[in-house]
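Subject: Structure handover, with notes

Hello,

Here is the structure I promised to pass on to you. Please open it beside this message, and my notes on what turned up follow below.

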Amino acid sequence: MKKAIIAIAVLLVIIVAVVIALPFVIPTERVKQELISATNDATGRQLTINGDLGLSFFPTLGLSTSNVSFSNADKAQNPEMVTVDSMVIKLDLLPLLSGNVQVDEFVLTKPVIHLEVDDLGKGNWVFENANPDKAKKTEEKAESSGGVNLGISDLNLGDVRVVDGTVSFTNKKAGTNIVLNDVNLQLSLLGLNQPFDAKGSAVWNNEETELEINVGSPQAVLDNKETTTTVNISSKNLNVTYGGTINSLEPLALGGDTVIDIPSVRELAAWVGTPLKAEGSGFSPLKISGKVGAKGPKYSFTNASIGFDKISGVGDVTIDVGGKVPDIVGQLALKTLDLNPYLPASKEEGDGETKQPEAKKTGEKWDTTPIDLAGLKSVNAKFDLSVEEILAQKIKIGRSALQATLKNGVLDLALNELNLYEGTGKGTIHVDAQNPALKITNNLTIENIQLKPLLTDASDFTKLEGKGMFQADLTTTGKSQADLVSALNGNGQILFEDGSISGINLAAMARNLASAFTESKEAQKTDFAEISGTFTIKNGILTNDDLKLLNPFIRLNGAGTVQLPPKTLNYRIEPKLVATTKGQGGETESGVAVPIVVSGPWDNLTYAPDLAGALKNVANPEGVKKLLEGVKGSGDGAKGTLKDLKEGDKGAVRGLLDSAGSLFKKKN
């Protein structure tokens, strides 16, 4: 027995001596060439080691070298896929005998890694000489065992670092290019069943980003079992935290709480290379928190709380990427949707004067640029939005609810609730983008809206007040904005009740033709019990022939067209002075009409009395009698108005008065 023990001891001494002597017996140049040859055979790429190769076999299996490079794929942007200034690898030899890999040291100094996807979508990390059948068998074996088999019993990481590295990713097919500089990474792991920690940082677009990852048990991840995980990403422009569990990698299943904190959306957009051109002061802080979930192709973000500038709300969203296009279902409930920070400033910076909008050019045409419909076909979605209050400049909209459904290029919007200045509204919009030409159908009804506060807040127009109703059914089709306007068809109606028009007195206008169009009287006012009318639109031409205004002493009729494609108007208004005091819904009684013609381009309308046309509208003697009585108090009577009219109009007015006088005499 003693001799046997001595023999074993001698054998161990001999083995140790051989291991120690190997680096001196085997030429390192031969080892280098064997490494290069084996790598080339396995990958089809060229491994180059320009530095000296250092080897050790006991007590650690070690390798150190410098100036290492690994060639890139053919036609790649960079000739080398990887270059390393220096590298050191040290493994404990004895633990390897039991399948336990203990890495004492693994340090890469100044590695430069170029990852690239070519025009066909193939990555440069896919090697031509790789054995796909072997890889497939390995993957199938891992799946059958319920996880990933590393072929080792345990893994222990000591000093594992990447120092001052550079990583670039270029996708020629997508046209993207990302470069990370000053990449530093440190890994820590005492065993596969122990927590794994990774800490690192990198500089992108001149800003440093730090990363921390913790996994409760790497072995559980490999076995497709549940374990805890946390992720923290922090930078000047973006901070993300996640804390939850990973249930499996195949299929991916995880869930946990996350917070996304962006100090300024504008600065983030500029940092990633897509600066926002939007006017206004908005797009500043954004903070989103909620529960993130993933299960196979389905991802979810639930119990979400959103704060964006002055906007706050809650919502949920799920995304299924398992189909031909992503399928999104979500809902969002907001308290106040303040749009003002995203609208152009109404005041000049540095002073308190209101900035006047630039005048539009006369004859400005509709846009003929084809509308891109690809976005409506790239996703299916169903989304519900509710808002307690909407603010846009001075306009205040109450509780509103909108439901949007997008499927196979067809978008349906349902405005189920709208509260606007004491009124309510409902409507639908149907957008069909399945064909090259966009097709739109619209239905909208708004009732009982108070006109004066609405128009005052919307455009500082204070001359119309009352209660209003608007209804329209419209359809159109086309490839551009100009096409859609030219093909617009439909009908609708308006009804304004119990109100007034300030700045004009139609009764006085009918009584005194001269002063009605030559004098400015801010106190003038026309009360009405009703303004109503219907309209039709055919191929972009809006026609109305039944506009009606009911006033105790005047009736107004209107008819004409609005030519949408050229943006012009041709409209004729006929006010009639009458004796009745019937209010809303009263019959339009006959009298003497003095027509007013409104015509021209929208941005340069002209208003003029149609004196010649008035000759055709002399009505019954009772109406004429009231007309003459009304104009008696005007100087020398109605004829006195001729003094203030243009010479060309005097004959028409004189003929009108003579005709009215003869009718009056016949009656009496």
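To get you oriented, in which loop does F58 lie? The answer is the loop between β2 (54-56) and β3 (60-71). Please keep in mind as you read that this is a predicted model.

F58 is part of a nonpolar patch on the surface, together with L94 and L97. The three residues have about 340 Å² of accessible area together. F58 itself counts as partly exposed, because its relative accessibility is 34%.

**The strands from β22 to β25**

Next, a run of antiparallel pairings that you can follow strand by strand. Strand β22 (residues 423-432) pairs with β23 in the antiparallel sense over 9 bridges, and a hairpin of 5 residues joins β22 to β23. If you want a pair to look at here, T424 stands opposite E447 in β23.

Strand β23 (residues 438-450) is in turn joined to strand β24 (residues 464-478) by 11 bridges, and these two run antiparallel. Two positions help to fix the register: T445 stands opposite Q471 in β24, and I440 has T476 as its bridge partner in β24.

From β24 the pairing carries on to strand β25 (residues 489-502), again antiparallel and with 11 bridges. In this pairing M469 stands opposite L495 in β25.

**Helix α8**

Which residues of α8 are buried? They are L451, L454 and D457. Seen down the axis of α8, the buried residues fall within an arc of 150°, so they line one face of the helix. The spacing makes sense if you recall that an α-helix has 3.6 residues a turn, so residues three or four places apart point the same way.

What does that face pack against? The buried residues of α8 pack against β19, β21 (410-420), β23, β24 and β25, so you will meet some of the strands from the previous section again if you display the contacts around α8. Just after α8 comes D460, which has a positive phi, near 55°.

**Salt bridges**

How many salt bridges does a search of the whole structure find? It finds 10. Here are some of them.

K396 forms a salt bridge with D457, and the closest N and O atoms are 3.8 Å apart. This pair links distant parts of the chain, with K396 in strand β19 (residues 395-397), D457 in helix α8 (residues 451-459), and the two positions 61 residues apart in numbering. The two ends also differ in their surroundings: D457 is buried, because its relative accessible area is 18%, whereas K396 counts as partly exposed at 46% relative accessibility.

The side chains of E530 and K548 meet in a salt bridge too, at 3.9 Å from N to O. This pair also links distant parts of the chain: E530 belongs to strand β26 (residues 525-538) and K548 to strand β27 (residues 541-551), 18 residues apart. E530 counts as buried, because its relative accessibility is 10%. K548 counts as partly exposed, with a relative accessibility of 26%.

Then there are E574 and R572, whose side chains meet in a salt bridge with an N to O distance of 2.2 Å. E574 is buried, with a relative accessible area of 16%, while R572 is partly exposed, at 27%. Elsewhere, salt bridges that share partners join E388, R399 and E417 into one network.

**A serine in a loop**

Is S217 buried or exposed? S217 counts as buried, because its relative accessibility is 12% and the cut-off for buried is under 20%. S217 is found in the loop between β10 (207-215) and α5 (218-222). Leaving aside the neighbours within four places in sequence, S217 is in contact with L192, N193, Q194 and T227.

**Where to look**

If you would like a starting view, try D457: this residue is among the buried residues of α8 and is also the salt-bridge partner of K396. After that, the patch of F58, L94 and L97 gives you a look at the surface.

Happy browsing, and do write back with any questions.

Best wishes

Notes:
Residues numbered from 1 in each chain as written. Predicted model: local features only at pLDDT ≥ 70, side-chain atom pairs only at ≥ 80, totals over all residues. Heavy atoms only, no water. Patch = residues over 30% accessible without salt bridge, like charges linked within 9 Å, V, L, I, M, F, W, Y side chains within 5 Å. Areas by Shrake-Rupley, 256 points an atom, 1.4 Å probe, with all protein chains shown as cover. Salt bridge = Lys/Arg side-chain N within 4 Å of Asp/Glu carboxyl O. Helix = DSSP H or I, 4+ residues; strand = E, 2+ residues; numbered from the N terminus. Buried < 20%, exposed > 50% of the residue type's maximum accessible area, 1.4 Å probe, protein only. Pairing = 2+ DSSP bridges. Arc of directions from axis to C-beta. Contact = heavy atoms within 4.5 Å.
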